[in-house]
Amino acid sequence: MEKMIKSEGKNLITTYSWFNDTAVIEEFLYSIDEIALNLPEDITLLGLGSSVGNLDYAVKQHLEEKYNKVVRMTITDRYTADTVKREGVRVLDVENKSLPFTDESFDLVIARSVTHYEKTKEDENSVLTEIKRVLKPNGIFITEAPFFSNKNDVELLKKIHSLVSKNMNLKTYDELVSLHKEIFSTVLIAKKQPSIPLKTEKTNFNKRYGISEGDSIDTEITKLISAYRTQDIASVWSRDNDFGWTVNFAILINQK
Ligand SMILES: C[S@@+](CC[C@H](N)C(=O)[O-])C[C@H]1O[C@@H](n2cnc3c(N)ncnc32)[C@H](O)[C@@H]1O
């Protein structure tokens, strides 16, 4: 992600590393709190498209420390060269469209910001079907993906941000939910996440949140996250329909 955005010459991300952003990871852990009591004492956990693995490992620690669970963890990505090696965690190079696991292997699968990288709806559908196959009955899948409030915003993003959109299957909120509903029995919207707007569309947004031209990306993101924490971004978003890079929601999918 970082490399992709930099290669566009937009320099959207400089020193900021989303993978290590503890505030963003913390928000995700609220989704875990919502489902922790539905998990067994001894959990098999799969972190899919995990990259460095920080978020997925934080979930394991959270379940162990806060809920006294025993967590047996597998972390995968198509390139695990950057994945941090951690004691007791299995790390595998894996392509999501064909998972090398037997049916019904995992109690919990996490894929934050992963499945929308499939270029077509069919490919994304294959990944979701694989996730469902490896989940145990009543297992839970937690995902987080970008969506846009309407079709115009999706098309606008494709124009402005062609390199990124070419590599992603961008959707409206309704499309995102219906894609998951085709495959999983229960789809629950769990938690709003901070949104980071596109540079080119940001003038009004920046004014509202006191972001100046000279601010570093770290300062911008700190301000946005603080606005999010007061619930301002979420409400402004739906009221004014500001256009953003992502408006992330975690979705809990509970397979029965
Ligand atoms: C934006 S990163 C998210 C990393 C991590 N889940 C997190 O939240 O910090 C997306 C990751 O998904 C992986 N990925 C995307 N599509 C994949 C596929 N079809 N098979 C395996 N990995 C994939 C990429 O290699 C990348 O590391």
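A residue counts as buried if 20 or more other C-beta atoms lie within 10 Å of its own. Keep that cut-off in mind for the first selection, strand 5, residues 135-145: eight of its 11 residues are buried, so strand 5 is largely enclosed by the rest of the structure. The model on screen is a predicted one.

**Whole chain**

Zoom out before going further. The protein has 256 residues, of which 35% count as buried. Its secondary structure consists of 10 helices and seven strands. Take the contacts between residues at least 6 apart in sequence: 77% of them join residues at least 24 apart.

**Strand 5 and its partner**

Return to strand 5 and add strand 4, residues 106-112. Strand 4 and strand 5 are paired in parallel, with six bridges between them. To see one position in this pairing, select Phe106 and Leu135; Phe106 stands opposite Leu135, which belongs to strand 5. Now add helix 4, residues 121-134: strand 4, helix 4 and strand 5 form a β-α-β unit that is right-handed.

**Strands 1 to 3**

Next select strand 1, residues 42-47, and strand 2; they run parallel and are joined by six bridges. Leu45 has Met73 of strand 2 as its bridge partner. Show helix 3, residues 54-67, as well, and a right-handed β-α-β unit appears, made of strand 1, helix 3 and strand 2.

How many of the eight residues of strand 2 are buried? Colour residues 70-77 to check: six are, and strand 2 is mostly covered. Strand 2 also pairs with strand 3, residues 89-93, in the parallel sense, here over five bridges. Thr74 has its bridge partner in strand 3, at Arg90.

**The ligand shell**

Centre on the ligand. It is surrounded by 16 residues, and the closest are Gly49, Ser51, Arg78, Asn96 and Arg112. Sorted by class, this shell contains six nonpolar, five polar and five charged residues.

Stay with Asn96, which sits in the loop between strand 3 and strand 4. Is Asn96 buried or exposed? It has 22 other C-beta atoms within 10 Å, so it is buried. Setting aside neighbours within four places in sequence, the contacts of Asn96 are Leu48, Gly49, Val127 and Glu130. Gly49 is also among the residues closest to the ligand. For a distance to check in the viewer, draw the C-alpha to C-alpha line from Asn96 to Thr115: it spans 8.5 Å, and the two are 19 residues apart in sequence.

**Two positive phi angles**

Select Glu104, in the loop between strand 3 and strand 4. Glu104 is not a glycine, yet its phi is positive, about 55°. With 14 other C-beta atoms within 10 Å, Glu104 is partly exposed.

Then move to Ser113, in the loop between strand 4 and helix 4. Ser113 is likewise not a glycine and has a positive phi of about 55°. Its count is 19 C-beta neighbours inside 10 Å, so Ser113 is partly exposed.

**Helix 7**

End at helix 7, residues 173-181, where Leu176, Leu179 and His180 are buried. These three lie on the same side of helix 7, because they cover an arc of only 95° around the axis. An α-helix has 3.6 residues a turn, so residues three or four places apart point the same way. Turn helix 7 to its other side, and the exposed residues Asp174, Ser178 and Lys181 come into view.

Definitions and conventions: Residues are numbered from 1 along each chain as its sequence is written. This is a predicted model: local features need pLDDT of at least 70, side-chain atom pairs count only at pLDDT 80 or more; totals for chains, interfaces and linings use all residues. A residue is buried if 20 or more other C-beta atoms lie within 10 Å of its own, exposed if 12 or fewer, and partly exposed in between; C-beta atoms are placed from the backbone. Helices (H or I, at least four residues) and strands (E, at least two) are DSSP runs, numbered from the N terminus. Two strands pair if DSSP finds at least two bridges between them. A crossover is right-handed if, with the strands pointing away from the viewer, the path from the first strand over the helix to the second runs clockwise. A residue is near a molecule or strand if its C-beta atom, placed from the backbone, lies within 6 Å of it. Ala, Val, Leu, Ile, Met, Phe, Trp, Tyr, Cys and Pro count as nonpolar, Asp, Glu, Lys and Arg as charged, and the others, Gly among them, as polar. Two residues are in contact if their C-beta atoms, placed from the backbone, lie within 7 Å. The arc is that of the directions from the helix axis to the C-beta atoms.
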